[in-house]
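Work through the exercises below with the sequence and the three-dimensional view side by side. Each one sets a task and then solves it step by step.

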Amino acid sequence: MVFSSSFFTHATGLVSVAKQSTEASETQLPKQESYDYKDSLFRDTPRGALAGLFEAAFEQNYDKAAKYLDLRYLPESMNADLGPEYAKQLIAIIERNIWVNLQEVDDTPSGSSNDQLPNYRDAFGRVEVKGSEITLLLQKVPDKELGSIWKISNATIAKVPLLYSELGYGPVVEWFVQHIPQGHLFKLNLWEWALLVCYLLLALLVVMPITWIVKKFILRSEYQYKEDVAHLIIGPFRLLVALLLVRAWMAHTTLSANVIEVVNTGVLLLIAVIWFIWSLTDVIQNSLRLRWIKRGNSQSASLLRPLANFTRVVLVALSVLIWLEHLGFDASTILAGLGIGGIAIALASKQSIENFIGTITLYSSAPIKVGNIGRFGSITGTVEEIGLRCTRIRTIDRSVINVPNARLSEMDIENISEREKIRLKTDIRLDYRTTTEQIHNIIDDIRTLLEEHEKVEESPLRVTFKGFGLYGLQLNVFAYIGTTDFAEFQLVSEELHFGIMNVVARHGSRIVPVVPVATTQG
């Protein structure tokens, strides 16, 4: 059986049934429906006596606790003057070995009548020592004022030294009990907090040199991501190993159920595990990212961050569920509740889900990649990031536009960066006074100009007489410039256009505008 820190709180509420007119009571507690106690220490009934004993122990008032012990007719080796020490040892035995449910203890002056014990005795717990079971008893004793009251049986008190030697605290815990000041913090004794802190510090002193040596070996290695792994070792891994070491030590230490209950909640261990998962995910993400970038797979590398965040959320949620299951909660019930809540969240976050699906579409079909230049509807710019919700685009004007992925996946996307060459297409309008011979010569020279330029692709390449336009004779020039750099294309295009103008002028013709320019006669 287990005796937990919540037990004292429970006992405190039950002891509060004392009659309000009892001004001699040492502690006033909230009133509950129960027996109307006449005794100031609530010893009228077995339950009241136990509750009063536990309250006195919680207050660390062992002189008061001794008043709940029947110190008559003790063995010669025991002294009634040591009642406070016997009370202290008895409480330690109870704390470490049994759980007393005060609601199951009789709350009438006559005591329980169906426990197969004499009517002046009631049992409140059993402990096992060397294969033998010993019953802990309450006993009705004479009292001058009330006639009789309930105390811990002298037969039980007589066994306390033996029980404590087998079931009490060990020498380490005893040292803390004797040397740490009395007091409580969050239902734990100050010596219990001191013991926990010392165990943790000792574990860190053991683990820190080991992890420091491991870190040095890692940093001296040729491993590409050694800094990330070293940070993982001296951070979350160090804390995780220290906490596991503390739990291993405590499994072989005589501790109170209060401390064991705090340790078993595993709050610090949960924090260490989440920290370790978070840092390990960073290490894996960074190593994969650099590896994929070196292989030229930048699209997959850009997907790593949202995938890593999603993985973190899943692993952290799984850790929390396992922790809640450890605390006694039903994880399946929690998951069912989350499922119902998930439907409501899904309905409320319809747009977010659409964006997430749009993200999957963008990554699976890969019409664009980070660093690509393209036209997205009316937007022209460079893709800087493809996130889980939206895509970040840097426009030509250097402003930033975040386009939701759901809308982007439905747009007509022109990926300019994917073209292997850039088209040169222009129409030339010649004066109608240009002769046929001049037109042939102009076409031949323009074709030669294009063919002789090192940046112009050999095919397709066309210079043709398109026909008779409204304002001039139309020539069509069509070719491809062998570059993907738009700035370079502009320089080549400029050079070719100047060359075309020189060809036209050399053959005695002229280029006319699309719309006639009005001239004034002098």
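Gln60, at 12% relative accessibility, counts as buried, where buried means under 20% relative accessible area, exposed means over 50%, and partly exposed is in between, with a 1.4 Å probe and protein chains only. This is a predicted model, in which local features need pLDDT of at least 70 and side-chain atom pairs count only at pLDDT 80 or more, while totals for chains, interfaces and linings use all residues. Residues are numbered from 1 along each chain as its sequence is written, and side-chain values use heavy atoms, with hydrogens and water left out.

**Exercise 1. Backbone angles**

Task: Find where Gln60 and Tyr73 are placed, and state the phi value of each.

Solution: Begin with the location of Gln60, which is in the loop between helix 2 (46–58) and helix 3 (62–66); helices (H or I, at least four residues) and strands (E, at least two) are DSSP runs, numbered from the N terminus. Next read its backbone angle: the phi of Gln60 is near 55°, a positive value in a residue other than glycine. Most residues other than glycine have a negative phi, and most peptide bonds are trans. Then turn to Tyr73, in the loop between helix 3 and helix 4, where phi is likewise positive and near 55°. Finally compare the surroundings: Gln60 is buried at 12% relative accessibility, whereas Tyr73 is exposed at 70%.

**Exercise 2. A cis peptide bond**

Task: Which kind of peptide bond joins Ser459 and Pro460, and what is its omega?

Solution: The bond between Ser459 and Pro460 is cis, with omega at about -5°. To place it along the chain, note that Pro460 belongs to the loop between helix 16 and strand 12 (462–468).

**Exercise 3. Salt bridges**

Task: Trace the salt bridges of Glu59, Arg394 and Asp445, and decide how far along the sequence the last two pairs reach.

Solution: Start from the rule, by which a salt bridge is a side-chain nitrogen of Lys or Arg within 4 Å of a carboxyl oxygen of Asp or Glu; the count by this rule comes to 15 salt bridges. The partner of Glu59 is Lys64, with the closest N and O atoms 3.9 Å apart. Of these two, Glu59 is partly exposed at 35% relative accessible area, while Lys64 is buried at 3%. Glu59 and Lys64 are also linked with Glu55 in a network of salt bridges.

Continue with Arg394, whose side chain meets that of Glu384 at 2.9 Å, N to O. Because Arg394 lies in strand 8 (residues 390–395) and Glu384 in strand 7 (residues 379–386), this pair ties together parts that are ten residues apart in sequence.

End with Asp445, which meets Arg506 in a salt bridge of 3.4 Å, N to O. Asp445 lies in helix 16 (residues 436–452) and Arg506 in helix 17 (residues 486–506), so the pair ties together parts that are 61 residues apart in sequence. Asp445 is partly exposed, with 24% relative accessible area, and Arg506 is exposed, with 57%.

**Exercise 4. Helix crossings**

Task: Describe how helix 4 crosses helix 6, and then how helix 8 crosses helix 9.

Solution: Two packed helices are described by the angle between their axes and the distance between the axes. Axes here are lines fitted to C-alpha atoms, for helices over the stretch in contact, and angles run from 0 to 180 degrees between N-to-C directions. The axes of helix 4 (residues 83–97) and helix 6 (residues 160–167) come within 9 Å and cross at roughly 45°. That angle makes helix 4 oblique to helix 6, since angles under 35 degrees count as roughly parallel, over 145 as roughly antiparallel, 65 to 115 as roughly perpendicular and the rest as oblique.

For helix 8 and helix 9 (residues 226–250), the axes come within 8 Å and cross at roughly 150°, and the two helices are therefore roughly antiparallel to each other.

**Exercise 5. Two residues placed in helices**

Task: Is Val173 buried or exposed, and which helix holds Val206?

Solution: Val173, in helix 7 (residues 171–179), is buried, with a relative accessible area of 0%. Its C-alpha atom is 8.5 Å from that of Glu192, although the two are 19 residues apart in sequence. Val206 is found in helix 8 (residues 190–220) and counts as partly exposed at 37% relative accessibility.
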